[in-house]
Amino acid sequence: MAGRVDALYFFLLAISAFFSLLIAGLIIFYAVKYRRRDPNSVGSNAHSGMALEITWTVVPFLIAMFIFVWGANVYVAISSPPPDTINVYVVGKQWMWKFQHLDGQREINELHVPVGRPVKLIMTSEDVIHDVFVPAFRVKADVLPGRYTNIWFEPTKPGRYHLFCAEYCGTRHSGMTGEVIVMEPAEYQTWLSGGAAEGSLASAGQKLFSDLACNTCHRPDAQGRGPVLDGLFGKTVKLQNGDTVTADEAYVRESILQPSAKITAGFQPIMPTFQGLVSEEQLLELIEYVKSLKAQAPAQTQTQTP
Ligand code: CUA
């Protein structure tokens, strides 16, 4: 994305410089050309024509629209991750960055990613607003408490790149820095397999799911008092009040912390809140576990398995 962002940036710089120099040059030129030559001279009124008025209204308008369409185009591209991203969870807190890979690796202030693969960061904060900024990748996005925000990038060159917090977040904001370490794919695989002892996020989530006794109500056999979670993620959920909602990260998070905010149609608001009982990291584990639950389709499995 860096090339596209830079092209737009340098265009803005060039067009600003062009008009600044043009206007400053004309001011100086006319100030000299029409200077007062004797103390009694009086200027005559200037009359501009309609054609001139229209020109200097329409030309800037077209330039502004051109910049707008170009900028919107780049913005949409930056905001739309491709479907095959490597997902990494990011939790910001005063004053460090915590990264969680789906395979279970955890890192602090260091993020290892492979070259040539799009990476999506799913980010939240434990306390105040932070902001992930990787200048070399031209990506920057706020990290907000109680919400998930995304950015994505595709590293094109192995190396180490600065990562900054770009939102003033307290005393040691300036020290809230880190590094993105871009590795060759093979090297990355070695790195990945080196730290997977703790198991994947989803498996940690599964353990938590039973530790918190979620499984007594959310059972895959539709006999429970809570909705079946298998195959839920990404689907549209019908709510008690007739609304619908997409089961994304934010929805799962809200359903754990504020269960009565959105009641699934056909269920009672009996689920207790887990606010204060699960940390941001544990929420991510539970979300990954819910994501990993595929819909049960016994009939199909039978026809596919010889
Ligand atoms: Cu975190 Cu500034």
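In this predicted model, the buried residues of helix 6 pack against quite a list of partners: strand 1 (86–93), strand 2 (96–101), strand 3 (106–108), strand 5 (119–125), helix 4 (201–211) and helix 5 (249–257). Helix 6 itself runs over residues 280–292, and its end C-alpha atoms sit 18 Å apart, which agrees with the 18 Å expected for 13 residues at 1.5 Å a residue. Of those 13 residues, 11 are buried, so the helix is largely enclosed by the rest of the structure. The buried set isn't just greasy side chains: Leu283, Leu284, Leu286, Ile287 and Val290 are in it, but so are Glu280, Glu281, Glu285, Glu288 and Lys291.

Zooming out, the protein splits into domain 1 (1–17 + 51–80), domain 2 (86–193) and domain 3 (201–292). The C-alpha centres of domains 2 and 3 lie 26 Å apart, and 17 residues of domain 2 are in contact with 12 residues of domain 3. About 1,200 Å² is buried between domain 2 and domain 3, with carbon and sulfur atoms giving 54% of that area. On the domain 2 side, Tyr89, Gln100 and Tyr148 lose the most area to domain 3, together accounting for 47% of what that side buries.

As for polar links, two salt bridges are counted between domain 2 and domain 3, alongside five residue pairs in polar contact. Strands 1, 2 and 5 each supply at least two residues of the domain 2 side that touches domain 3. Back in helix 6, the buried Glu281 forms a salt bridge with Lys98, the closest N and O atoms being 3.1 Å apart.

Notes:
Residues numbered from 1 in each chain as written. Predicted model: local features only at pLDDT ≥ 70, side-chain atom pairs only at ≥ 80, totals over all residues. Heavy atoms only, no water. Helix = DSSP H or I, 4+ residues; strand = E, 2+ residues; numbered from the N terminus. Expected span 1.5 Å × (residues − 1). Buried < 20%, exposed > 50% of the residue type's maximum accessible area, 1.4 Å probe, protein only. Contact = heavy atoms within 4.5 Å. Domains from an automatic or database assignment. Buried area = accessible area lost by both parts, 1.4 Å probe. Salt bridge = Lys/Arg side-chain N within 4 Å of Asp/Glu carboxyl O. Polar contact = N/O pair within 3.5 Å; in protein donor to acceptor, adjacent residues only side chain to side chain.
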